[in-house]
Amino acid sequence: MRHRTSCFFTLLFLLLWGQRSNTDDERSSCDRCDLQLSCNCSRGGFVRVPMVTERALTLDLSFNSITVVSDDDLTDHARLRALDLHGNGLAAIGPSALDSLWSLEELDLSDNQLTALNHKWFDKLEALQRLNLLDNPHSRLGSPPLFRGLVRLRRLAFGGPALQELRRGDLSGVTQLEEFTVHANNLTRYESGALGDIWPLGRVTLSLHGPFLNNVPLASAVLGDVSYPETPITLEDLHLIGNQSVQPLRETARRRIRYLSFRNLSVSDEAIVELLVVVDGVPLTSLSMEGARLTGEGRWERARWTDQKNIDVFFVRDVVVLNIFKFVSFLQLKFLLTYPRKVSVINSKVFVMPCPTSNLLVNLQYLDLSDNLLTDLTLVETLCDRNKTLMDLRVLNISGNALKSLSTVNRLVVKLSKLTHLDISRTGYSSMPSNCSWPSTLRYLNISGAMLTVITPCLPTTLEVLDLSNNYLEGFTLHLPVLRELHLSGNKFLRLPPGRLFPNLQTLAIQSNILNMFGPSDLRSYRRLENLQAGQNKFICSCDFVPFLQSGLKGGGDVQLMDREDGYVCDSPLYLQGEVVGRVRLSVLHCHQVLFVSVSCGSALFVGILVCVLLWRLHAVWYLKMTWAWLKAKRSSRRRRRRDIAGSEALLSFDAFVSYSERDAIWVEDFLVPELEEPSETDSANPRTARPLSLCLHKRDFLPGHWIVDNIMSAMERSRRTVFVLSENFVLSDWCRYELDFSHFWLFDGNSGRDAAILVLLEPLSKDDVPKRFCKLRKLMSSTTYLEWPQDEDRRGEFWRSLRLALRGEDD
């Protein structure tokens, strides 16, 4: 007994533990997937890989708390193309956790806690093209080589503060890369050639902050292995203070590099001078700096004799001059400014470029001064209003400055006879002059993000691309014959602009307006329109618009809708508000009301006719008519009886009510009436049978002006018997049938009984000749003896005696 109890509790414990384990292992789900099967589960608070649709192509799990990816978490995602696990604190990945992702092309494991990298993770990822392992606390890549099976790998990033060692063979299997990023700020050991076997090598980004850069041989070895003439090199997180900090770049310069960039840079005057000396005579065509802090005063005179004529592109963004009030004039930098053809100084607090400095840019074709502090006044100085300078300029970008007068810009650029692109977006322009003069070469104009409310003929007719997005425009009526692209998103357009104004337009963007709808006729007015972007508008989902747009979303028609399907959402009617137009299904009742009503009425008419025919065949009309007539007559009869009783009148006034056809009236008037209402000579011996009878005839005794039914009901109530003179005329006569119908209904529904009816057949007539709806009359003919009018005159006396006896009944 004790053993059984112990087994029972053990089994119960196992069941409860298994249930608890199952509960603990339950995985939450993420349903934030769009129509393109891209699932964004970022910042969802997940602690395990959540369950998503097996058809997902992109899965973003960044910034959760997923510390472990087990071998079974991703087994159902063979179709996955991109997986992002960035910023999870991920510490462990199962050896075969990624084996099922044979279609994976992008994998981001950056900013986690992976202290060791396992080559088994990548053994089955033969389709992988992008891999990011940055900022994980591993000191080396590991052995055997991690990437030996990734034959399609084109973008690779690894390294971080903990990376200390790179050995030759660590990148075995990586034969070519388009982008290569290494964070090696604390690298202490590097085997020459560790990065030198990758060829061809595209853009390289190296983070060399810290003691690494001070180790000139080590830094020179790394830079020498990745420096090729056609490979752009970006150096991040540098502090170039003094001559010594620039020495590792000599190896790069010796390789004759052409593209050199600095990002997050602190630099002194001495370092800049040394850098210019290092690249003296090097065919460096592009020099850029982003996020630079200039600690000096711009005293670079010692470098003026260096040869920098190969620098073609000079790019500066987010540059801060710490001693701006001590910074010397750029006139000393003539040796740098006369050669570049493309200069960009972006977001660097430039409020003016003096005209003498502009005059030095004799070869300039591209000038970008966006996001600075230029005003209309300083722009006049920068573009040298009174001097012919910058005459070779093709592209001018002064967007994001505090400019307010469009007339001023127009006056300054009209002299730029080669200008093709002008960007004056994100400025304070609120009005447009009525007439303007522009360079005849101008093809691209961007005035987006301003405050324009009206468009005037100021716009040049030579434009091929015009961007007026994010203004306050409500209409567009200007004829632009060569325009190919028109961008009007973010305005207040209620309908598409007339297509006849743009005979060569190929692309139209009109998103985020108050556009209600558009149709085939609107698009046909554009002769050459190919691409349309019209999402994020206030669409009225009518029966014409919805099918048209759904066919456009599916690629039907000559014009292609280029934006996302979920951008086309119904704003009205109210019951469809918020629904994606591509998913709307309108009912036939809503879209084809006339057709629906016509079909419904036709169907109802057909059914009505069918029902009427059916009721006629079943004699239902007769039953209804007789029921109504009987009820009405019944009420009249009750009132009449009460009146007669109150007046002490005799209820029975006739011996018989005669029901007959008009065509049989001769027989009734010539034979029946004289024979019954006059004393009988043949029965003179019997006074009782010889007594004359009183008959009720409708032609003679019905009250004129009274309803026929009331007369029939009154006659039947005041008669002891009812005589039916049956013949073919009786059955075929409409009047007689009506009288017989009512008489049948009244007589055989229990009011007078079977003996009250006397049937007289003027001619041979079987019960089959009686209509089927007179079922009680047909039954009566089967069960009751009736009198037949004899054709032989000798037998007529007997007929009359039998009829008299039948009419007198019990009274006799």
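Helices and strands in these legends are DSSP runs, numbered from the N terminus: a helix is a run of H or I with at least four residues, and a strand is a run of E with at least two. All views show a predicted model.

**Figure 1. Overview of the protein, with its 22 helices and 34 strands.** The protein has 812 residues, and buried residues make up 47% of them. About 40700 Å² of the protein is exposed, and carbon and sulfur atoms supply 53% of this area. Among contacts with a separation of 6 or more, 61% are between residues 24 or more positions apart.

**Figure 2. Two loop residues with positive phi, D111 and D135.** D135 is found in the loop between β7 and β8 (155–159). Its phi is positive, about 60 degrees, although D135 is not a glycine. Is D135 buried or partly exposed? The relative accessible area of D135 is 36%, so the residue counts as partly exposed. D111 sits in the loop between β6 (106–108) and β7 (130–134). D111 is not a glycine either, and its phi is about 55 degrees. With a relative accessible area of 37%, D111 is partly exposed.

**Figure 3. Two cis peptide bonds, one before P200 and one before P573.** One cis bond joins W199 and P200, with omega about 0 degrees. P200 is placed in the loop between β11 (189–190) and β12 (201–207). The other joins S572 and P573, and omega is about 0 degrees there too. P573 belongs to the loop between β29 (570–572) and α12 (588–591).

**Figure 4. The aromatic pair of W199 and Y228.** The structure holds 17 aromatic pairs. In this one, the ring centres of W199 and Y228 are 4.7 Å apart and the planes stand at 50 degrees, so the pair is tilted. W199 lies in the loop between β11 and β12, while Y228 lies in the loop between α3 (216–226) and β13 (233–240), so the pair ties together parts 29 residues apart in sequence. Y228 is buried, at 16% relative accessible area. W199 is also the residue joined to P200 by a cis peptide bond.

**Figure 5. The aromatic cluster around F518 and F539.** What is the geometry of the F518 and F539 pair? Their ring centres are 6.3 Å apart and their planes are at 65 degrees, so the pair is edge-to-face. F518 is in the loop between β25 (507–509) and α10 (520–524) and F539 is in strand β27 (residues 539–540), so the pair ties together parts that are 21 residues apart in sequence. Both F518 and F539 are buried. Together with F545, F548 and Y568, these two residues form one aromatic cluster.

**Figure 6. The largest nonpolar core, with 94 residues.** In soluble globular proteins, nonpolar side chains tend to be buried together. Which residues have the most contacts inside this core? They are L83, F180 and F262. Helix α5 (residues 269–278) gives the most to the core, with six residues. Leaving aside residues up to four places away in sequence, L83 touches L59, L61, L74, L98, L101, L104, E106, L107 and D108. A second, separate core has 74 residues, among them L483, F502, L508 and F545. F545 is also one of the members of the aromatic cluster in the previous figure.

**Figure 7. Strand β33 (757–761) and its neighbours β32 and β34.** Five of the five residues of β33 are buried, so the strand is largely enclosed by the rest of the structure. In a regular strand the side chains alternate between the two faces of the sheet. In β33, A757, L759 and L761 point one way, whereas I758 and V760 point the other way. β33 pairs with β32 in the parallel sense over five bridges. Its pairing with strand β34 (residues 787–788) is parallel as well, over two bridges. V760 in β33 is the bridge partner of V725, and L787 in β34 is the bridge partner of V760.

**Figure 8. Helix α15 (residues 665–677) and what it packs against.** This helix has 13 residues, and its end C-alpha atoms are only 16 Å apart. A straight helix would reach 18 Å at 1.5 Å a residue. The buried residues of α15 are A665, W667, V668, L672, V673 and L676. They pack against β30 (654–659), β31 (695–696), α17 (698–701), β32 (719–726), β33 (757–761) and α22 (796–808).

Note on methods: Residues are numbered from 1 along each chain as its sequence is written. This is a predicted model: local features need pLDDT of at least 70, side-chain atom pairs count only at pLDDT 80 or more; totals for chains, interfaces and linings use all residues. Side-chain values use heavy atoms; hydrogens and water are left out. The expected span of a helix is 1.5 Å times one less than its number of residues. Buried means under 20% relative accessible area, exposed over 50%, partly exposed in between (1.4 Å probe, protein chains only). Contact means heavy atoms within 4.5 Å. A nonpolar core is a set of buried Ala, Val, Leu, Ile, Met, Phe, Trp, Tyr and Cys residues joined through side-chain atoms within 4.5 Å. Two strands pair if DSSP finds at least two bridges between them. Accessible areas come from the Shrake-Rupley method with a 1.4 Å probe; for residues, only the protein chains shown count as cover. Rings of Phe, Tyr and Trp (its six-membered ring) pair if their centres lie within 6.5 Å; planes under 30 degrees apart count as stacked, over 60 as edge-to-face and the rest as tilted.
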